[in-house]
Amino acid sequence: MKRIAFFLGHPAHFHLFKNTAKALSNDGYNVLFLIKRKDIVEDLAKESGCQYVVVRDKERTDSGKLGLMWSLTQMDFKVARELRKFKPLLLVGTYTPFLSRWAGVPVISCNEDDADVVPRFAKMSYPYVKDILTPVVCDNGKWNEKSIKYASYHELAYLHPNNFSPDKQVVEKYFSADKRYFIIRFAKLSAHHDNGIKGIGVEMALRLIEILKPYGDIYITSERPLETQLEPYRIKIDPLDMHHVMAFSSLYIGDSQTMAAEAGVLGVPFVRFNDFVGRIGYLNELEIVYHLGLGIKASEEGSDEKMYQTVKELLAMPNLKEVWRNRRQKMLSDKIDYAQFLTWFIENYPDSHKIIKENPNYQYRFR
């Protein structure tokens with residue numbers, strides 16, 4: 001039996017690969033997830049019934065380059081050991097493959113952040129992988145020639161209409177889907193590439209709540225502890241239900257990159273507030289080309305007032321849902337179903353590499 005391994009370092013990676021893993025399984029492949037026990041990754045793997053092995057048991061507590069290197073090396077030993085046992089044809093994921101090469105397994109890196117946004121990852125990963133799969137708008141710097149560029153986003157691997165249909169009944173488990181409501185999201189901003197990145201603070205959150213209250217209900221989801229004043233707005237949603245809840249919301253506000261992009265591809269207006277604004281290609285495209293959201297750089301002078309004014313203008317737009325529905329349709333007409341493309345790329349590898357390099361338009365059959 002043919003075998004494929006996926007590396008999951010973040011909850012978003014589970015969603016990224018779940019449809020491809022299912023398709024491969026249906027085509028007779030034996031699929032294994034190698035996971036970091038981070039946030040809810042293991043919970044998602046368990047609920048899906050997927051075969052998985054934990055290769056990092058807890059969050060890294062040390063800091064700096066040496067601490068990061070040591071942590072990755074320890075994890076890589078475990079990955080290499082599991083690869084030797086499982087013997088897959090490929091390892092796919094956002095991964096730094098130092099020692100896994102000893103297992104003789106080619107690695108395909110799937111990433112959507114520009115190389116200068118995640119410089120440590122790029123330097124420790126891209127020189128050693130066989131292929132780098134990234135969106136067309138992603139700049140991989142000196143590794144662009146090594147990259148396979150596709151017209152899609154990670155979020156379209158699981159939120160493309162081919163793969164996801166919003167269900168109001170899921171929302172009704174938590175509150176009425178017919179009442180207007182807004183989602184506010186606080187990310188941890190604790191990854192090594194988040195150093196010095198400013199997000200939404202308590203004062204801004206309280207002011208946003210004041211602005212939003214007359215228009216609908218407010219629900220906060222947070223990776224970090226909430227201040228006492230914000231606790232009444234916290235809601236705990238099953239991670240497998242979150243995209244349904246997001247799809248019927250009227251507005252998403254947050255300092256998370258992934259959830260902003262998820263809102264955008266679902267046709268939900270988003271306002272993103274952090275210091276990554278302007279630096280990440282795929283989010284720039286969602287904001288500037290398709291106008292599905294707005295990014296406000298937190299460190300810029302007057303950013304707080306710009307945030308409040310932006311939210312007020314969106315709330316005052318009478319045909320907001322229709323405008324965003326049309327913008328989303330334009331985006332979808334330009335993009336492909338990334339899950340279908342990735343499944344094909346894996347099943348036909350390495351011939352798929354040559355096909356896309358010689359004819360990039362071949363990918364558009366995966367709409």
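## A friendly tour of the chain and its aromatic rings

Of the chain's 367 residues, 55% count as buried. Please keep in mind that this is a predicted model.

**View 1. The whole chain, before we zoom in, has 13 helices and twelve strands.** Its radius of gyration is 20 Å, close to the 21 Å given by the globule rule for 367 residues, so the chain is as compact as a globular protein of that length. Taken along the principal axes, the C-alpha atoms fill a box of roughly 60 × 45 × 40 Å. Among contacts with a separation of 6 or more, 63% come from residues 24 or more positions apart. The accessible surface of the chain is about 16,300 Å², and carbon and sulfur atoms account for 49% of that area.

**View 2. Trp344 meets Tyr362 in one of the 20 aromatic pairs of this model.** To describe a pair of aromatic rings, one gives the distance of the centres and the angle of the planes. Here the values are 5.1 Å centre to centre and 35 degrees between the planes, and the pair is tilted. Trp344 belongs to helix H12 (residues 338-347), while Tyr362 is in the segment after helix H13 (351-358), so the pair ties together parts that are 18 residues apart in sequence. Is each ring buried or partly exposed? Trp344 has 11% relative accessibility and counts as buried, whereas Tyr362, with a relative accessible area of 23%, is partly exposed.

**View 3. Trp344 also pairs with Phe366.** Their ring centres are 5.4 Å apart and their planes lie at 40 degrees, so this pair is tilted. With Trp344 in helix H12 and Phe366 in the segment after H13, the pair ties together parts that are 22 residues apart in sequence. Phe366 counts as buried, because its relative accessibility of 8% is under the 20% cut-off.

**View 4. Step back a little and an aromatic cluster comes into the picture.** Which residues form this cluster? They are Tyr150, Tyr338, Phe341, Trp344, Phe345, Tyr349, Tyr362 and Phe366. The rings from the two previous views, Trp344, Tyr362 and Phe366, are among them.

**View 5. The charged end of Arg3 sits over the ring of Phe86.** How far is this charged end from the centre of the ring? The distance is 5.9 Å.

**View 6. Arg207 and Tyr308 give another example of a charge over a ring.** In this view, the charged end of Arg207 sits over the Tyr308 ring, 5.5 Å from its centre.

Conventions. Residues are numbered from 1 along each chain as its sequence is written. This is a predicted model: local features need pLDDT of at least 70, side-chain atom pairs count only at pLDDT 80 or more; totals for chains, interfaces and linings use all residues. Side-chain values use heavy atoms; hydrogens and water are left out. Rings of Phe, Tyr and Trp (its six-membered ring) pair if their centres lie within 6.5 Å; planes under 30 degrees apart count as stacked, over 60 as edge-to-face and the rest as tilted. Helices (H or I, at least four residues) and strands (E, at least two) are DSSP runs, numbered from the N terminus. Buried means under 20% relative accessible area, exposed over 50%, partly exposed in between (1.4 Å probe, protein chains only). A charge sits over a ring if NZ of Lys or CZ of Arg is within 6 Å of the ring centre and within 35 degrees of the ring normal. The radius of gyration is taken over C-alpha atoms; the globule rule is 2.2 Å times the number of residues to the power 0.38. Contact means heavy atoms within 4.5 Å. Accessible areas come from the Shrake-Rupley method with a 1.4 Å probe; for residues, only the protein chains shown count as cover.
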